[in-house]
Amino acid sequence: MVYSWELEKVKDWTTNKIKNSIWAYVSCGQPIPGCVSVEALRMELERRGEEPTGYHNT
């Protein structure tokens, strides 16, 4: 479940920041800044017309 506050928080992030955050969470277990979910980041990437993955095909 993605909350509207998460989408509001990540709408101004760069695509690279979103992908790096996904990679850091999935590969390294690091928390995502602002406590947003990976699902929210992927949803924002889809909204931008990007593949909803981070680097290294995560």
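How many residues apart are R47 and E44 in helix 3, and by about how many helical turns are they separated? R47 and E44 stand 3 residues apart in helix 3, so that about one helical turn separates them. The model discussed here is predicted, and the account below moves from its salt bridges to the contact of two helices, then to the cysteines and to two residues of a loop.

## Salt bridges

The structure holds 4 salt bridges, of which three are described in this report, among them the one that joins the side chains of R47 and E44 with an N to O distance of 2.6 Å. E44 also meets R48 in a salt bridge, in this case with 2.9 Å from N to O, and E44, R47 and R48 are accordingly linked in a network of salt bridges. The members of this network differ in how far they are open to the surroundings: E44 counts as buried, with 3% relative accessibility, whereas R47 is exposed, its relative accessible area being 57%, and R48 is partly exposed at 27%.

A further salt bridge is formed by E50 and K19, whose closest N and O atoms are 3.4 Å apart. This pair links distant parts of the chain, since E50 belongs to the segment after helix 3 (38–47) and K19 to helix 2 (residues 15–28), with the two positions 31 residues apart. E50 is partly exposed, having a relative accessible area of 32%, while K19 is buried, with a value of 17%.

The three salt bridges named above are set out in the table.

| Pair | N to O distance |
|---|---|
| E50 and K19 | 3.4 Å |
| R47 and E44 | 2.6 Å |
| E44 and R48 | 2.9 Å |

## Helix 2 against helix 3

The axes of helix 2 and helix 3 come within 10 Å and cross at roughly 145°, and the crossing of these two helices is left-handed. On the side of helix 2 the contact is made by T15, I18, K19, S21, I22, Y25 and V26, and on the side of helix 3 by V38, L41, R42, E44 and L45. Sorted by character, the residues of this contact divide into 7 nonpolar, 2 polar and 3 charged. Two residues already met in the salt bridges take part here, for K19 contributes from helix 2 and E44 from helix 3.

Y25, which lies in helix 2, is another of the residues that make this contact. Is Y25 buried, exposed or partly exposed? With a relative accessible area of 42%, Y25 is partly exposed. Leaving out residues up to four places away in sequence, Y25 touches Q30, I32 and V38, and the last of these, V38, is listed on the helix 3 side of the contact between the helices. Y25 and L45 are 20 residues apart in sequence, and their C-alpha atoms are 16 Å apart in space.

## Cysteines

How many disulfides does a search of the whole structure find? The search finds 0 disulfides, and the distances account for this: the sulfur of C28 lies 18 Å from the closest cysteine sulfur, that of C35, which is too far for a bond, given that a disulfide requires the two sulfur atoms to be within 2.5 Å. C28 is partly exposed, with a relative accessible area of 42%, whereas C35 counts as exposed at 66% relative accessibility.

## The loop between helix 2 and helix 3

P33 has its place in the loop between helix 2 and helix 3, where P33 counts as partly exposed, at 42% relative accessibility. When its neighbours within four places in sequence are left aside, P33 is in contact with W13 and S21, and S21 is itself one of the helix 2 residues that make the contact with helix 3. P33 and K11, for their part, are 22 residues apart in sequence and 13 Å apart in space, from C-alpha to C-alpha.

S37 is placed in the loop between helix 2 and helix 3 as well, but here the side of the cut-off is another one: S37 is buried, with a relative accessible area of 17%, and buried stands for values under 20%. Not counting residues up to four places away in sequence, S37 touches E6 and I32, and I32 is likewise among the residues touched by Y25 of helix 2.

Technical notes
Residues are numbered from 1 along each chain as its sequence is written. This is a predicted model: local features need pLDDT of at least 70, side-chain atom pairs count only at pLDDT 80 or more; totals for chains, interfaces and linings use all residues. Side-chain values use heavy atoms; hydrogens and water are left out. Helices (H or I, at least four residues) and strands (E, at least two) are DSSP runs, numbered from the N terminus. Buried means under 20% relative accessible area, exposed over 50%, partly exposed in between (1.4 Å probe, protein chains only). Axes are lines fitted to C-alpha atoms, for helices over the stretch in contact, and angles run from 0 to 180 degrees between N-to-C directions. A crossing is left-handed if the near helix is turned anticlockwise from the far one by less than a right angle, and right-handed if clockwise. Contact means heavy atoms within 4.5 Å. Ala, Val, Leu, Ile, Met, Phe, Trp, Tyr, Cys and Pro count as nonpolar, Asp, Glu, Lys and Arg as charged, and the others, Gly among them, as polar.
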